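Please work through the exercises below with the sequence and the model at hand. Each task is followed by a solution in steps.

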Amino acid sequence: QVQLVESGGGLVQPGGSLRLSCAPSENTFSLGVMGWFRQAPGKQRDLVAVISSGGTPNYADSVKGRFTVSMDNAKNTASLQMNSLKPEDTAVYYCAGTRRRIPSLRARVNGANYEYWGQGTQVTVSS
């Protein structure tokens with residue numbers, strides 16, 4: 001079964017940057033929407049950023065202006081550039097993808113609408 005594989009997490013000081021990448025274990029079909037979710041200890045998993053093939057990205061209010069999501073349609077890969085990181089950004093970050101083209105942002109926020117997930121990568125922002 002196809003899975004998504006994340007890389008790029010780690011420990012960074014406040015104000016620093018990290019870049020997360022996501023790629024499928026097999027590139028046998030096209031993904032319509034790819035998203036990044038995160039889950040901090042004791043909290044629910046929330047959408048951070050989402051982008052569709054050829055579409056405009058959307059961001060959670062908490063990361064607007066600091067994070068940038070991109071997608072390579074041909075390779076089905078996605079990246080999340082995270083700048084000006086804050087301690088509250090500390091979480092496990094998950095890449096998610098779906099073959100469907102979900103037009104509604106409300107639907108994109110719902111993790112249940114993604115059939116492919118990565119194993120998660122830890123991002124820790126601490127001095």
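The exercises proceed from the whole chain to single residues.

The model is predicted: local features require pLDDT of at least 70, side-chain atom pairs count only at pLDDT 80 or more, and totals for chains, interfaces and linings use all residues. Residues are numbered from 1 along each chain as its sequence is written, and side-chain values use heavy atoms, with hydrogens and water left out.

**Exercise 1. Describe the secondary structure and overall dimensions of the chain.**

Step 1. Helices (H or I, at least four residues) and strands (E, at least two) are DSSP runs, numbered from the N terminus. The chain has one helix and eleven strands, in the order β-β-β-β-β-β-β-β-β-α-β-β.

Step 2. The radius of gyration is 14 Å, close to the 14 Å of the globule rule for 127 residues, so the chain is as compact as a globular protein of that length. This radius is taken over C-alpha atoms, and the rule is 2.2 Å times the number of residues to the power 0.38.

Step 3. Along the principal axes, the C-alpha atoms fill a box of roughly 40 × 25 × 25 Å.

Step 4. Contact means heavy atoms within 4.5 Å. Among contacts between residues at least 6 apart in sequence, 60% join residues at least 24 apart.

**Exercise 2. Determine which side chains of β1 are buried, and identify the pairing of this strand with β3.**

Step 1. Buried means under 20% relative accessible area, exposed over 50%, and partly exposed in between (1.4 Å probe, protein chains only). In β1 (residues 4-7), Leu-4 and Glu-6 point to one face and are buried, whereas Val-5 and Ser-7 point to the other and are not. In general, side chains in a regular strand alternate between the two faces of the sheet.

Step 2. Two strands pair if DSSP finds at least two bridges between them. β1 and β3 (residues 18-24) pair in the antiparallel sense over four bridges, and Pro-24 is the bridge partner of Leu-4.

Step 3. Gln-3 lies in the segment before β1. Leaving aside neighbours within four places in sequence, Gln-3 contacts Ala-23, Pro-24, Ser-25 and Trp-117.

**Exercise 3. Locate the nonpolar cores and the strands that supply the largest one.**

Step 1. A nonpolar core is a set of buried Ala, Val, Leu, Ile, Met, Phe, Trp, Tyr and Cys residues joined through side-chain atoms within 4.5 Å. The largest has 28 residues, of which Trp-36, Phe-67, Leu-80, Met-82 and Tyr-93 touch the most other members.

Step 2. At least two residues of this core come from each of β3, β4 (33-39), β5 (46-52), β7 (67-72), β8 (77-82), β9 (91-98) and β11 (121-125).

Step 3. Another core, of seven residues, lies apart from it and includes Val-33, Phe-37, Ala-96 and Ile-102.

Step 4. Beyond four places in sequence, Met-82 touches several residues, among them Leu-18, Leu-20, Phe-67, Tyr-93 and Val-123.

**Exercise 4. Compare the loop residues Asn-76, Ser-84 and Asn-113 by position and burial.**

Step 1. Asn-76 is in the loop between β7 and β8, with phi near 60°. Asn-76 is buried because its relative accessible area is 2%.

Step 2. Ser-84 is in the loop between β8 and β9 and has a positive phi of about 50°. Its relative accessible area is 41%, so Ser-84 is partly exposed. Most residues other than glycine have a negative phi.

Step 3. Asn-113 is in the loop between α1 (105-108) and β10 (116-117). At 19% relative accessibility, Asn-113 counts as buried. Residues up to four places away in sequence aside, Asn-113 touches Thr-98, Arg-100, Ile-102 and Ala-107.
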